[in-house]
Amino acid sequence: MRKYNEENERQLEEVVCNKCGRHLKVENGMLKEGCFGADVVFGYFSEKDGIRHKFDLCEKCYDALIGVFSLPVCETEEKELC
């Protein structure tokens, strides 16, 4: 879960892992550790038509989640990081 500055909506203030509740390190509006952010809008043929889900997971909770997948995640190495 992300919280932004009320006056400047682009200024990130806080990130909390939705699974374990740990506060991730944020300095000067910049997230300073690994975080998985999900943002999905469910479409037709789902039971959540038109509903958006947004959440954040710390790296430890993300690793636990993908650790139970039947098929492994596809990994590629990126040359440039954002």
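**Exercise 1. Is Lys25 buried, partly exposed or exposed?**

Step 1. Start with the model: it is predicted.
Step 2. Take the value for Lys25, a relative accessibility of 45%.
Step 3. Recall the cut-offs: buried is under 20%, exposed is over 50%, and partly exposed lies in between.
Step 4. Lys25 therefore counts as partly exposed.

**Exercise 2. Find the salt-bridge partner of Lys25 and classify that partner.**

Step 1. Look at the side chain of Glu27, which meets that of Lys25 in a salt bridge.
Step 2. Read the N to O distance: 3.4 Å.
Step 3. Glu27 has a relative accessible area of 36%, so this residue is partly exposed.

**Exercise 3. Describe the salt bridge between Asp56 and Arg2.**

Step 1. The closest N and O atoms of the pair are 2.9 Å apart.
Step 2. Place the two residues: Asp56 is in strand β6, and Arg2 is in strand β1, residues 2-4.
Step 3. The pair links distant parts of the chain, 54 residues apart.
Step 4. Asp56 has 5% relative accessibility, so Asp56 counts as buried.
Step 5. Arg2 has a relative accessible area of 35%, so Arg2 is partly exposed.

**Exercise 4. Work out which strands the Arg52 and Asp39 pair ties together.**

Step 1. The side chains of Arg52 and Asp39 meet in a salt bridge, 3.4 Å from N to O.
Step 2. Arg52 lies in strand β6 and Asp39 in strand β5, residues 35-41, so the bridge ties together parts 13 residues apart in sequence.
Step 3. Asp39 is partly exposed, at 45% relative accessible area.
Step 4. Close with the total: the model has 4 salt bridges.

**Exercise 5. List the residues of the largest nonpolar core and name the strands that supply at least two of them.**

Step 1. The core has 7 residues: Leu12, Val15, Cys17, Leu24, Leu57, Cys58 and Cys61.
Step 2. Strands β2 (12-15) and β6 (52-58) each supply at least two of these residues.
Step 3. Now follow Leu57. Beyond its neighbours within four places in sequence, Leu57 is in contact with Cys17, Lys19, Cys35, Phe36, Tyr62 and Leu65.

**Exercise 6. Which residues form a nonpolar patch on the surface, and where does Phe69 lie?**

Step 1. The patch is formed by Leu65, Val68, Phe69 and Val73.
Step 2. Together these residues have about 340 Å² of accessible area.
Step 3. Phe69 lies in the segment after α1 (59-66).
Step 4. Phe69 has a relative accessible area of 40%, so Phe69 is partly exposed.

Methods. Residues are numbered from 1 along each chain as its sequence is written. This is a predicted model: local features need pLDDT of at least 70, side-chain atom pairs count only at pLDDT 80 or more; totals for chains, interfaces and linings use all residues. Side-chain values use heavy atoms; hydrogens and water are left out. A nonpolar core is a set of buried Ala, Val, Leu, Ile, Met, Phe, Trp, Tyr and Cys residues joined through side-chain atoms within 4.5 Å. Buried means under 20% relative accessible area, exposed over 50%, partly exposed in between (1.4 Å probe, protein chains only). Helices (H or I, at least four residues) and strands (E, at least two) are DSSP runs, numbered from the N terminus. Contact means heavy atoms within 4.5 Å. Patches are made of residues with over 30% relative accessible area and no salt bridge: like charges are joined within 9 Å, nonpolar side chains (Val, Leu, Ile, Met, Phe, Trp, Tyr) within 5 Å. Accessible areas come from the Shrake-Rupley method with a 1.4 Å probe; for residues, only the protein chains shown count as cover.
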